[in-house]
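Here is a short tour of one protein model, written for someone who is new to reading structures. Keep the 3D view open and find each piece as it comes up.

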Amino acid sequence: MKKITIIPGDGIGKEVMEAAILVLDSSGLNLEYKFAEAGYECFQKYGNNIPDETIKIAKKTDATLFGAVTTVKDQKSAIITLRKEMNLFANVRPVKSLPGIKSLYTDLDFVIIRENTEGLYSGLEKYTPEGANAIRLITKKASRRISKFAFEYALKNNRKRVTAVHKANVLKKTDGLFKDIFYEIAGDYPGIDSNDYYVDATAMYFITKPQIFDIVVTSNLFGDILSDEGAGLVGGLGLAPSANIGDYNGLFEPVHGSAPDIEGKGIANPSAMIFSAVMMLENIGEMDIANKIEKSLLEVLKEGKYLTPDLGGRSKTIEMAEEVIKKLKSKL
Ligand code: NAI
Ligand code: MG
């Protein structure tokens, strides 16, 4: 039996996690859940938003499902800490148009691969007499590892091109190194095209001609920003899942945060969380059920009868999940 760590977090993290668990439970899969805490409520209880115990549990199971957490002032980020502690160096964020969803584009299918362990999110930030500063750490090792991951991902998923995104014209040393290593690795993959753009131009191309992208590989901060932009292109944060992959077990989470503006109303879109669970099932080898859950959710989105308000509907989180379950049961 596969063991899954469940970290609902807080805010809508808990709401969308409840929906995803309902779907998983009705799939007939025999999963053992280990619940673990993180986030704001966890901080209020223990004075720590990411207890060692949570990291310990997550390291021991086959995969982790993570909802979302609210940032706690003066505390390190719970999710960034988890990614680092578990050495989940690659954050895979698909940008895919979905049937029936009103969005800026309906013909997109590319993937952002974000370096997860360093860059401006290295946690090397401090106050100084003049103000504050942060170190943007770029290592050869992590740059090689993420570029290699991007090309391997391209090979496995039948993708044609990998694009490196950076700002090497200004960040000459850090991003100069990132770019040089990218092309060094690209040399090992002659069957896959490679090119690069500056991040500012990329932000514009995402709007003007996003069809040119296949796989985008980039550093931590740029990947964070571009993936929200990517989500915006195909229907919003309520639909965008992600996978954090490393040498061991993966962690799967929606791209969105705890959404305090809609928290407690029961109207959060569960799709990003359910798609993240699908990515998790694929990762642990449960392809058949992953496929059936994905199809069921796509049908619900396409039919458009049970949609949450962010997609123009009037359904609650749980109503949408129940509709997915109905479709799923007819496929089991
Ligand atoms: P957010 O992603 O929580 O929300 C941005 C906007 O998208 C809001 O208008 C929200 O209502 C909407 N939205 C997000 N997910 C949705 C869903 N499933 N259904 C419908 N609408 C949805 O980002 P925001 O507001 O910048 O941050 C809120 C808190 O979350 C902050 O404390 C932030 O630090 C934290 N955060 C946590 C993340 C994580 O746990 N991985 C990621 C991003 C932010
Ligand atoms: Mg983000």
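## A strand with two partners

Let's begin with a pair of strands: β4, which covers residues 90-96, and β11 pair in the antiparallel sense, with three bridges between them. If you want a spot to zoom in on, look at Asn91, which stands opposite Asn244 of β11. Keep in mind while you look around that this is a predicted model.

β11 also pairs with β12, the strand made of residues 250-254; these two run antiparallel and are joined by four bridges. Here you can look for Ala243, which sits opposite Phe252 in β12. To get from β11 to β12, the chain goes through a hairpin of four residues.

## How covered is β11?

How many of the five residues of β11 are buried? Five of the five are, so this strand (residues 241-245) is largely enclosed by the rest of the structure. The side chains split into two sets: Pro241, Ala243 and Ile245 point one way, while Ser242 and Asn244 point the other way. Both sets are buried.

## Parallel neighbours: β5, β8 and β10

Now for strands that run in the parallel sense. Strand β5 (residues 109-115) and β10 are parallel and joined by four bridges. In that pair, Arg114 has Thr218 of β10 as its bridge partner. β10 pairs with β8 too, again in the parallel sense and over four bridges. This time you can look for Val162, whose bridge partner in β10 is Ile215.

β10 itself takes in residues 215-218, and its residues point two ways. Ile215 and Val217 go one way, Val216 and Thr218 go the other, and all of them are buried.

## A buried histidine in β8

Strand β8 runs over residues 161-166, and His166 is part of it. Is His166 buried or exposed? Its relative accessibility is 0%, so it counts as buried.

What does His166 touch, leaving out residues up to four places away in sequence? Its contacts are Asp175, Phe178, Lys179, Asp196, Tyr197, Tyr198, Val199 and Phe222. Try showing those side chains together with His166 in your viewer.

## A helix that is mostly covered

Helix α4, made of residues 78-85, is mostly covered, with six of its eight residues buried. The buried ones are Ala78, Ile79, Ile80, Thr81, Leu82 and Arg83. After α4 comes Asn87, which has a positive phi, near 55°.

## Loops worth a look

Asn158 is not a glycine, yet it has a positive phi of about 55°. You'll find Asn158 in the loop between α5 (140-156) and β8. With 60% relative accessibility, Asn158 counts as exposed. Ala259 is another non-glycine with a positive phi, in this case about 45°. Its loop lies between β12 and α9 (271-283).

Gly313 belongs to the loop between α10 (287-303) and α11 (317-329). Is Gly313 buried or exposed? Gly313 has a relative accessible area of 18%, and the cut-off for buried is under 20%, so it counts as buried. Not counting residues up to four places away in sequence, Gly313 touches Leu307 and Thr308. You can also check a distance: the C-alpha atoms of Gly313 and Ile267 are separated by 9.9 Å, although the two residues are 46 apart along the chain.

## Around the ligand

Finally, turn to ligand 1, which has 21 residues surrounding it. The closest are Thr71, Gly257, Ala259, Asp261 and Asn269. So what kinds of residue make up this shell? Eleven are nonpolar, seven are polar and three are charged.

A few polar atom pairs are good to find on screen. An N or O atom in the side chain of Thr71 is 2.2 Å from an oxygen atom of ligand 1. A polar backbone atom of Val69 is 2.9 Å from an oxygen atom of the ligand. Asn269 contributes a backbone N or O atom that lies 2.9 Å from a nitrogen atom of ligand 1. On its own, ligand 1 has 800 Å² of accessible area, and the protein covers 68% of that.

Note on methods: Residues numbered from 1 in each chain as written. Chains lettered and ligands numbered in written order. Predicted model: local features only at pLDDT ≥ 70, side-chain atom pairs only at ≥ 80, totals over all residues. Heavy atoms only, no water. Near = heavy atom within 4 Å. Polar contact = N/O pair within 3.5 Å; in protein donor to acceptor, adjacent residues only side chain to side chain. Areas by Shrake-Rupley, 256 points an atom, 1.4 Å probe, with all protein chains shown as cover. Nonpolar A, V, L, I, M, F, W, Y, C, P; charged D, E, K, R; others polar. Buried < 20%, exposed > 50% of the residue type's maximum accessible area, 1.4 Å probe, protein only. Contact = heavy atoms within 4.5 Å. Pairing = 2+ DSSP bridges.
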